[in-house]
Amino acid sequence: MRISNTNGIICKFRFQFFAFIGVFFLLTTQALCQDESQFNLWYDEPAQKWVEALPIGNGRLGAMVYGDPQQEVIQLNENTVWAGQPNRNHNPEAREYLARVQELLFEGKSVEAQTLVNQHFISETSQGMPYQTVGNLKLSFPDHQNYSEYYRELDLKDAVTRSQYKVGNRTYKTKVFASYPDQVIVVQVTSDQPGTLNFSATMDRPGGAEITASENGELKLHGKTSDFEGVEGSLEFLAITKIKTSGGEIIKENDTLKIQNADSATMFISIASNFKDYRTLDFDEHQKAAAYLSALKNKGPEEIYQDHLEDYQTYFNRVSLNLGETQAANLPTDERIRNFKTADDPALISLYFQFGRYLLITSSRPGSQPANLQGIWNDQLTPAWDSKYTVNINTEMNYWPAEITNLTEFHEPLIQMVKELAVAGRKTAREMYGSKGWVMHHNTDIWRMTGAIDGSYWGMWPMGGVWLSQHLFDKYDFSGDKEFLKSVYPIVKEASTFYLDFMIQEPEHNWLVVSPSISPEHAPAAHSESSLTYGTTMDNQLIFDLFSKTAKTAAILNRDTEFQARLTEKLKQLPPMQIGSWGQLQEWIKDWDDPNSKHRHVSHLYGLYPSNQISVYRNPNLFEAARTSLLARGDESTGWSMGWKVNLWARLLEGDHALKLIKDQLTPSSQDGFSEKGGTYPNLFDAHPPFQIDGNFGCTAGIAEMLLQSHDGAIQLLPALPKAWKKGEVTGLRARGGFEVDLKWENNKPKQVLISSALGGNCRIRSYIPLEGKGLVQAKGDNPNIFYKLPDIKKPLISEEATLKEVKIQKVYEYDLKTSKGGQYKLKIKRI
């Protein structure tokens, strides 16, 4: 029997009970285990690899905790520690060659055009700077190599990692958490026998840093980030570990502190850099790091923990999900992942969902940088893809759960980055393309670079700002906050202004298109060596959303009537979506799709998710074409791609297929290096591989979309519920228009529904099952709620070679409910 810090019992046991009291104890134990299986990642061995360590964070600071009894490693991050310094990277030569590139593309000479783009559009100064580790706090415990009864956990309920074990008859415990209120990481180490805690502490960093130890119990690591691609590293940072003991003594030896004969020890870790903003490095990292420790004053670790707990649970406890429990939940988390495809373990999905919410809370806080490709967790100086912000899907995916899973405050760092990119992108728009407004391409970093990088095949995509702008609209649609809308309207207006200047008419249909561009990271079979083209389906869908939503925003704010009219007129000139020869939704302006392509990007399905342009109720032929495309791409892919596909199959209203993708994503991954076969690491991190956090966030959003959707004119209850989820409950999910929904279901049918209205107004509800409730009436006509206005897309063009399938639409019941601000409304299955 293994002992847990949290409730005294660990869910791994082999006992036979023959007496009544034994049966009672077993039932009690199972109840405790079931509660913990929803919220605990736990293991019976220390981490051997970084992807086995457990993450903690407060948005600004992050740590990965290994839980090693003999050589504990706490790997540290601070979200502004990036290589380089403020710099610009756009290539002004592009302006001279733009017209020629467009001409070549219209002539079908994509390879020649790509050569010019590589020579004159792609940055010659920087491909972006890498996010870097601060270093490590290392704790060495002599004579702890022979330990027993080992246990470690990450408790999502309180955002704490714990480990414990025995050496002889002594029990040692470690507790680690990152406090947002106090802006420090706290490490507590205890022994159950007074005067028996002995260990040494030091710090280090790959690439080197200045390490010092002082008599007052402080370790300091001072470093400077790397030079990279010709950009000098000028960001300096300081990490301070302040050690306090109960009993015993602290002895300084060179760059190490030795703790001897203590009862317990508490370490307070403060980290700061000289980063002020993306243009300025003039903060004093020494003063700032010391100030966080000074601000603690006489607060003890328990008071710091209670403040941390109150802050964290304010957000985490807003949403609950219970999909049921089985005996599979009694195993350690890594074993559950290994068994998941063949085991019945619905609680692992609940855990994975809540883990995604936990990661967003701990990696993205107001005032911090947005979550990057690895959130805030990185142990390297040059991580995969530099752990930058890839905005052709990955950065956006990080924030898909923010609104629907009731974490809207954690959207703020992304919103702030968009505001900064809008400023940085003005110069790029003017100098690269001779256009007004602002633009960025497919990638950025802490210095807010907006130029094209990585070569034409991947980087000649001038649409990153358009996709990021959708998050501004989404935040308003969920909150109805007009002051927020006013604050971001100039950003979307300037983004629209750029494309009004930049877009040109293609020669065959005189459609208005973006050129040059790509369908992210994918090339058509017609010219596979070059991805460069014009008028891709994704670009057209993005421009449709930008222009239509910007015009709607201007109307809501009663501004810019002429600008609204201009946007509306240009919308009429955009290409329609097209259904190709094998019934697919075309990815490109011409019918170039390869039915055998298994490419990880499914960019042309943006109109299905996260946008709402494709609907089974409004345009079933497009809906079926999107389904045909998704089936052709297959299921298994990179981790983040599978996360996107969970959302897409949820929008296709096929819960069983969405569940199949979740099982694919929760396949164990132990691969080193790069691969197109994704999965999940033992610590539940998503594997591209290597680790990318976007897959965690994408799947979390997808699970929510399976249970609740609000993009298609109504709040749809249980739209994509798998057959296997016969019974369950979710509380606190948000819907557009300021609604919050609690749902309990049995036999795959909603049993109880509670709708809370923050704004008032009409609430249209869509259900596969008839409902009843006070004030509920049959819906008629369009939903009058402005947050549920449907997009008016063009009728699709359909290839003469396409064989259209009959689309089967499941019967739904639609109701309207007049709500008041602050009101709550209960619904249930209608008795027939």
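Trainee: Which element supplies the largest share of the lining of the second largest pocket?

Mentor: In this predicted model, the second largest pocket has a volume of about 540 Å³ and a lining of 27 residues. Both α16 (620–633) and β29 (749–757) supply at least two residues of that lining. The largest share, three residues, comes from α16.

Trainee: Which residues of the lining lie nearest the centre of the second largest pocket?

Mentor: The lining of this pocket comprises 27 residues. Those that lie nearest the centre are Leu653, Glu654, Pro719, Tyr768 and Gln810.

Trainee: How much space lies in the largest cavity?

Mentor: The structure holds seven cavities of 30 Å³ or more. The largest cavity is lined by 15 residues, with Tyr617, Arg651, Gln709, His711 and Asp712 nearest its centre. The space in this cavity is about 100 Å³.

Trainee: Is asparagine 58 buried or exposed?

Mentor: Asparagine 58 is placed in the loop between β2 (54–57) and β3 (61–65). Beyond its neighbours within four places in sequence, asparagine 58 is in contact with Ala178, Ser179, Tyr180, Gln183, Val184, Thr362 and Arg365. Residues under 20% relative accessible area count as buried. Because its relative accessibility is 1%, asparagine 58 is buried.

Trainee: Which backbone atom does the side chain of asparagine 58 reach at 2.9 Å?

Mentor: One polar contact of the asparagine 58 side chain is with the backbone nitrogen of arginine 60, at 3.1 Å. The contact at 2.9 Å is with the backbone oxygen of serine 179.

Trainee: What span should helix α13 have, at 1.5 Å a residue?

Mentor: Helix α13 has 21 residues, 482–502. The expected span uses one less than the number of residues. The end C-alpha atoms of α13 are 30 Å apart, which agrees with the expected 30 Å.

Trainee: Where does α13 bend by about 40°?

Mentor: A proline, proline 490, follows the bend within four residues. The bend itself is at valine 488.

Trainee: Which residue has a side-chain oxygen within 3.0 Å of the backbone nitrogen of glutamate 483?

Mentor: This contact is at the start of α13. The side-chain oxygen belongs to aspartate 481.

Trainee: Which residues of α5 are buried?

Mentor: Helix α5 covers residues 301–316, and its end C-alpha atoms are 22 Å apart, in agreement with the expected span. The cover over its buried residues includes β7 (160–167), β8 (170–179), β9 (184–191), β16 (264–273), α4 (285–296) and α7 (346–363). The buried residues of α5 are Ile304, Tyr305, His308, Leu309, Asp311, Tyr312, Tyr315 and Phe316.

Notes. Residues are numbered from 1 along each chain as its sequence is written. This is a predicted model: local features need pLDDT of at least 70, side-chain atom pairs count only at pLDDT 80 or more; totals for chains, interfaces and linings use all residues. Side-chain values use heavy atoms; hydrogens and water are left out. The bend at a residue is the angle between axes fitted to the seven residues ending there and the seven starting there. A polar contact is a pair of N or O atoms within 3.5 Å; within protein, one must be able to donate a hydrogen and the other to accept it, and residues adjacent in sequence count only if both atoms are side-chain atoms. Buried means under 20% relative accessible area, exposed over 50%, partly exposed in between (1.4 Å probe, protein chains only). Contact means heavy atoms within 4.5 Å. On a 1 Å grid over the protein atoms alone, a cavity is a set of points where a 1.4 Å probe fits but cannot get out, and a pocket is an open set with protein on both sides within 12 Å along at least five of seven lines; lining residues have an atom within 4 Å of a point. Grid points are joined across faces, edges and corners, and a volume is the space filled by probe spheres set on the points.
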